[in-house]
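Student: I am new to this structure and should like to study it step by step. Could you show it to me?

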Amino acid sequence: MSSKLSQKMGLGAGGMIGGRVALKLDPQALAHLTSGRSVALVTGTNGKTTSTMMLSRAVSALGEVATNHGGANMPDGHVTALSKQPDAPYAVLEVDEGYFPEVVRAASPAVAVLLNLSRDQLDRVGEVRTIEKSLRTALASVTGVVVANCDDIMVTSAARDSANVVWVATGTGWHNDAASCPRCGDPIRWEGEHWHCTGCDLARPRPQWVTGDGYLVTPNGVKVELSLRLPGKFNQANAVMATAAAVALGVPVEEAVQRLRAVSNVAGRYRTIQRSGHRARLLLSKNPAGWSETLTVVREADHPAVLVINAHEADGRDLSWLWDVPFERLRGRQVIASGERATDLAVRLTYAEVEHTIVPDPLLAIDAMPPGPVEVIANYTAFRDLNARAAQ
Amino acid sequence: MSTSKVQIALVLPDLLGTYGDFGNAVVLEKRMTWRGISAEIVNIRFGEPVPESCDIYVVGGGEDTAQTLAVRHLREHPGMQRAAARGAVILGVCAGIQIFGESFTRADQVTHPGLGLIDSTSHAGGSRAIGEVIATPADGLFEGLLTGFENHQGRTVLGPSARPLAHVKVGTGNDGSVEGAVQGRILCTYLHGPVLPRNPQIADLLIEWATGTKPGPLDLPDVTRLRTERAKAAGVPLS
């Protein structure tokens, strides 16, 4: 009876009642709404939203796809997204790392994608080794395909016990959280792209898929050009992970790549806004690994940069992580520290010997730059607020 | 000083670098370099021996597993403890305060021996202490307020040979009353932020201990502004 009610409530939810209410009325709502669909789950510290969008585009080659665009990646967001498209035979869901075990249990995914694991919001999400262990248990129960990044030690440890793993060499990984083996604690040794634990048998698995600079190589050794519209190495990594997952669901490689290639703007990220004679490119970065990648992307040109930092609960209230970001790379560039916690950033820039000024309002910070291109890098709530204001 | 260049050892940043505490080493280095004191950071990674010749050792925070591994490593390579015996300056943050003591007991009730550098014991508290901290100096050790961000489950009890660094006004610190520990030239704190960017007076105290000379003034407006902001946010005016 309760299942009938939940289906009614859940399927009827749409914009009327939110996922949170539906879950209150029936805690099994997620299981009911995923039942009978082919489900892919995407998790990891960075790149979840982009990879989810890429994968949903690729899977749409097979039929209608229900997906949670825009980062509402907890169960209430999943219920809302699934309720809006009750007839879609496919679902591609971005999942917060902390909720992943719960969502795996409810959704019995055909494919689970684990992108990367690094430190993120330590006061909220918890320590990366704890997350790795909970993902390990969850992934071991997945009967479908697990697509995992073998260049990330934490990911490898989390995925290795699963029955059916497709390993992807993405060429990206944040190694600062994995000096010691997540399994036995002994030091990890790197030799070129290969790594192994000096104490146990954890080692880099042989990848089926390989990411090159601007291309991928399939398990059959076929080279496919990526030609992405999104910048940076990490988006190439996201694209190859998404392609491997799409192929696991039955999409032909060429078709998958062709579809995800068209992604140019993910929930406002990477888009350029015109403002007071400026062309401001909006980039989102939430944690040291993400910032490190983004600083590499903006390095391609010497444009002035506005860096926007908030510290709300969704961002993590502890800003210690700013010291793990290599801001030294911005030396010699025109930089404005912005956001509610601009001063914390300004102190970091001072010690990085990056000249800067402080303009807390990011739109005014853009205005204060010389006309022309400006790179705007913001963390989570800072980006969200800026994106909403820029759209007005 | 053992060499003309002040050497700052960043101890096991790959294990005990979870909370940006690398920033403490940067602050020490820059505050010396900008005043014409030659200084450099020496990274000591997991699996490598720990030299005993450095002038300042900086130990950061880390997860439980990392903490246990760090103790094991520092016992196998006791360079820092030997340096401490000859009076080297040591900063221990968070996990640092726990592993420097006589022992630390985890939430699973297993007690691990510490490095015995300071007279203290630590144990797991009932709840995790997370948030902004404001504390006042103990025994006039430094000027102004101590500010930082704490995120730890451990509680620490000091023995008679160690004295507290500060008295807690906002937050938890060691036990809700005092914060940190000082014993000889070893200074410990639970505070991240990291602690030295937010508390330049503590950085300069460590530099004074290491060089034997009180460093001259260094005016960094952003640092002053940050201290005022954080104290205000915690509801304590910075006097």
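The questions and answers below take up selected features in turn.

Tutor: This is a predicted model, in which local features need pLDDT of at least 70, side-chain atom pairs count only at pLDDT 80 or more, and totals for chains, interfaces and linings use all residues. Residues are numbered from 1 along each chain as its sequence is written, and chains are lettered from A and ligands numbered from 1 in the order in which they are written.

Student: How many residues of chain B are in contact with chain A?

Tutor: Two residues are in contact if their C-beta atoms, placed from the backbone, lie within 7 Å. On the side of chain A, 22 residues take part. The number for chain B is 31 residues.

Student: Which helix gives the largest share of the side of chain A that touches chain B?

Tutor: Helices (H or I, at least four residues) and strands (E, at least two) are DSSP runs, numbered from the N terminus. The largest share is 6 residues, and these come from residues 342-351 of chain A, which form helix α12.

Student: Is A:S227 buried or exposed?

Tutor: A residue is buried if 20 or more other C-beta atoms lie within 10 Å of its own, exposed if 12 or fewer, and partly exposed in between, with C-beta atoms placed from the backbone. A:S227 is found in the loop between β11 (223-225) and α9 (233-248) of chain A. Because A:S227 has 11 other C-beta atoms within 10 Å, the residue is exposed.

Student: What is the phi of B:Q109?

Tutor: Most residues other than glycine have a negative phi. B:Q109 lies in the loop between β5 (103-105) and β6 (111-113) of chain B. In B:Q109, a residue other than glycine, phi is positive, near 70°.

Student: Which residue is joined to B:G193 by a cis peptide bond?

Tutor: Most peptide bonds are trans. Here the bond is cis, with omega about -10°. The partner is found in the loop between β12 (186-189) and α5 (195-198) of chain B, and its name is B:P194.

Student: How many of the 12 residues of α1(B) are buried?

Tutor: Helix α1 (residues 22-33) of chain B reaches 17 Å from its first C-alpha to its last, close to the 16 Å expected, which is 1.5 Å times one less than its number of residues. Among its buried residues are B:F22, B:V26 and B:M32. The helix is largely enclosed by the rest of the structure, because the buried residues number 10 of the 12.
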